[in-house]
Amino acid sequence: MLKATNMTVNHRGIGMTSQRTRDRLVNRLRDEGIKNTSVLQAVRDVPRHLFVDEALASRAYEDTALPIGHGQTISQPFIVARMTEALLSGGIQIKKVLEVGTGSGYQAAILAQLVEKVFSVERIEPLLQQARERFFKLGVRNIRLKHSDGSWGWPDYAPYDGIIVTAAPEAVPNDLLEQLALGGRLVIPVGASGGVQILKMYTRTNDGYEIEELNAVSFVPMIKGGV
Ligand code: SAH
């Protein structure tokens, strides 16, 4: 994919962030059970070190969550890959995806390599602004961003073939379920902050939703309202 290739070429060969370091992360994700080769390729191509503060860049290809300011974190690469793989593995072609919780923009940039159009909402305005600048610099043009409380989803562009939520609510917001296309999937961590959260997957069917439980996870809480 041209977009991905450009990203790789622009940032190749700079020490800790070299292609070899990134390949090591990809191999690790494969060992941990990520099978979708397009997802692995997207992780190889998207320069995660540009989604964290420069002081943390040397740790960007470790398989850990890292702080991004405002009390938030960029998700662990394994979880990003797992959620993306789950989202894409249904029966329908996934063209339009909504993400709730833009944060650093990394998950959205991964999705942007794999689907036609990504919509992402974030409640913390400065994070959204930073993500916007990153996408611009990287030449990623198929992500549309909005400053909003994502528990309402983004009705203007619904229905979505997939919805990924990267902050944990205590219960699944109904608006998100309603904005799913038939056959579409919602991948969402659910549970109290600090307690056990479960990554759940809802698939919209003719007569309702099929629910599967994927992993135990630890996400920042979904918070109402914008700042
Ligand atoms: N996907 C992000 C992960 C960021 S952490 C990444 O790849 O970096 C989760 C993000 O969800 C935080 O930035 C937090 O501000 C945001 N968030 C929490 N509650 C939200 C809500 N109700 N609506 C929109 N964003 C929310």
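In this predicted model, 27 residues surround the ligand. Glu99, Ser104, Glu122, Gly150 and Ile223 are the closest of them. By class, the shell comprises 12 polar, 11 nonpolar and 4 charged residues.

Four elements each give two or more residues to this shell: the strands β2 (72-74), β3 (96-100) and β4 (117-122), and the helix α5 (106-114). The most is given by β2, which supplies 3 residues.

Polar contacts to nitrogen atoms of the ligand involve both side chains and backbone. The side chain of Glu99 places an N or O atom 2.8 Å from a ligand nitrogen. Glu99 is also among the closest residues of the shell. The side chain of Thr166 has an N or O atom 3.1 Å from a nitrogen atom of the ligand. At Gly101 the backbone takes part: one of its N or O atoms lies 3.0 Å from a ligand nitrogen. On its own, the ligand has 580 Å² of accessible area, and the protein covers 99% of this. The site itself is the largest pocket, in which the ligand sits.

The overall fold was examined next. The protein has 7 helices and 9 strands. Its radius of gyration is 16 Å, and the globule rule gives 17 Å for 227 residues. The two values are close, so the protein is as compact as a globular protein of that length. Along the principal axes, the C-alpha atoms fill a box of roughly 50 × 35 × 35 Å.

Two loop residues stand out in their backbone geometry. Most peptide bonds are trans, and most residues other than glycine have a negative phi. The peptide bond from Ala158 to Pro159, however, is cis, with omega near 5°. Pro159 belongs to the loop between β5 (143-147) and β6 (160-165). His70 is the other case. This residue is not a glycine, yet its phi is positive, at about 55°. His70 is found in the loop between β1 (66-69) and β2. The strand β2 that follows this loop is the element that gives the most residues to the ligand shell.

Terms used: Residues are numbered from 1 along each chain as its sequence is written. This is a predicted model: local features need pLDDT of at least 70, side-chain atom pairs count only at pLDDT 80 or more; totals for chains, interfaces and linings use all residues. Side-chain values use heavy atoms; hydrogens and water are left out. A residue is near a molecule or strand if one of its heavy atoms lies within 4 Å of it. A polar contact is a pair of N or O atoms within 3.5 Å; within protein, one must be able to donate a hydrogen and the other to accept it, and residues adjacent in sequence count only if both atoms are side-chain atoms. Accessible areas come from the Shrake-Rupley method with a 1.4 Å probe; for residues, only the protein chains shown count as cover. On a 1 Å grid over the protein atoms alone, a cavity is a set of points where a 1.4 Å probe fits but cannot get out, and a pocket is an open set with protein on both sides within 12 Å along at least five of seven lines; lining residues have an atom within 4 Å of a point. A molecule sits in a cavity or pocket if more than half of its atoms lie within 2 Å of its grid points. Ala, Val, Leu, Ile, Met, Phe, Trp, Tyr, Cys and Pro count as nonpolar, Asp, Glu, Lys and Arg as charged, and the others, Gly among them, as polar. The radius of gyration is taken over C-alpha atoms; the globule rule is 2.2 Å times the number of residues to the power 0.38.
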